[in-house]
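Reader: Could you take me through the salt bridges in this one? I'd like to see the model first, and then go pair by pair.

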Amino acid sequence: SETFGANNDSWLGIYRDILWGYDSVAKLTEAERKAIPYIILANQFVCVAWFAEQDKYAELYETNKRMTAWLLERFGELKDI
């Protein structure tokens with residue numbers, strides 16, 4: 001969520017670069033590639049749920065909630081990368 005902010009279109013590029021980085025070190029299988037968007041979304045759900053219960057992390061809760069909605073809107077794009 002540290003990279004999520006005003007210019008979120010760059011986040012898809014960051015996501016793509018992370019995948020390529022992993023793939024260049026340890027070749028990802030097709031099943032792993034297909035699973036990654038789901039894992040990212042599941043991680044976001046956990047983060048949002050946890051931050052929602054922590055008053056001192058109210059800002060992180062809001063950021064992660066927006067990021068989760070943004071990811072859901074672009075889930076098809078994530079699956080195609």
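Author: Gladly, and please keep in mind that this is a predicted model. A good place to begin is the salt bridge in which the side chains of Arg33 and Asp23 meet, at 3.3 Å from N to O.

Reader: Where do Arg33 and Asp23 lie?

Author: Arg33 belongs to helix 2 (residues 30-52), whereas Asp23 belongs to helix 1 (residues 9-25), so the pair ties together parts that are 10 residues apart in sequence.

Reader: And are those two buried or exposed, or partly exposed?

Author: Asp23 is buried, with a relative accessible area of 14%, while Arg33 is partly exposed, its relative accessible area being 24%.

Reader: Which other residue forms a salt bridge with Asp23?

Author: That is Lys27, whose closest N and O atoms with Asp23 are 3.1 Å apart. Lys27 counts as exposed, at 66% relative accessibility.

Reader: OK, switching to helix 3, what about Lys65, which residue does its side chain meet?

Author: The side chain of Lys65 meets that of Glu62 in a salt bridge, at 3.6 Å from N to O. Both sit in helix 3 (residues 58-73), and because they are 3 residues apart there, about one helical turn separates them.

Reader: How accessible are Lys65 and Glu62?

Author: Lys65 counts as partly exposed at 37% relative accessibility, and Glu62 likewise counts as partly exposed, at 34%.

Reader: Which residues do shared partners join into one network?

Author: Asp23, Lys27 and Arg33 are joined in that way, through salt bridges that share partners.

Reader: Last one, how many salt bridges does the structure hold?

Author: The structure holds 4 salt bridges, among them the Asp23 pairings with Lys27 and with Arg33.

Terms used
Residues are numbered from 1 along each chain as its sequence is written. This is a predicted model: local features need pLDDT of at least 70, side-chain atom pairs count only at pLDDT 80 or more; totals for chains, interfaces and linings use all residues. Side-chain values use heavy atoms; hydrogens and water are left out. Buried means under 20% relative accessible area, exposed over 50%, partly exposed in between (1.4 Å probe, protein chains only). Helices (H or I, at least four residues) and strands (E, at least two) are DSSP runs, numbered from the N terminus.
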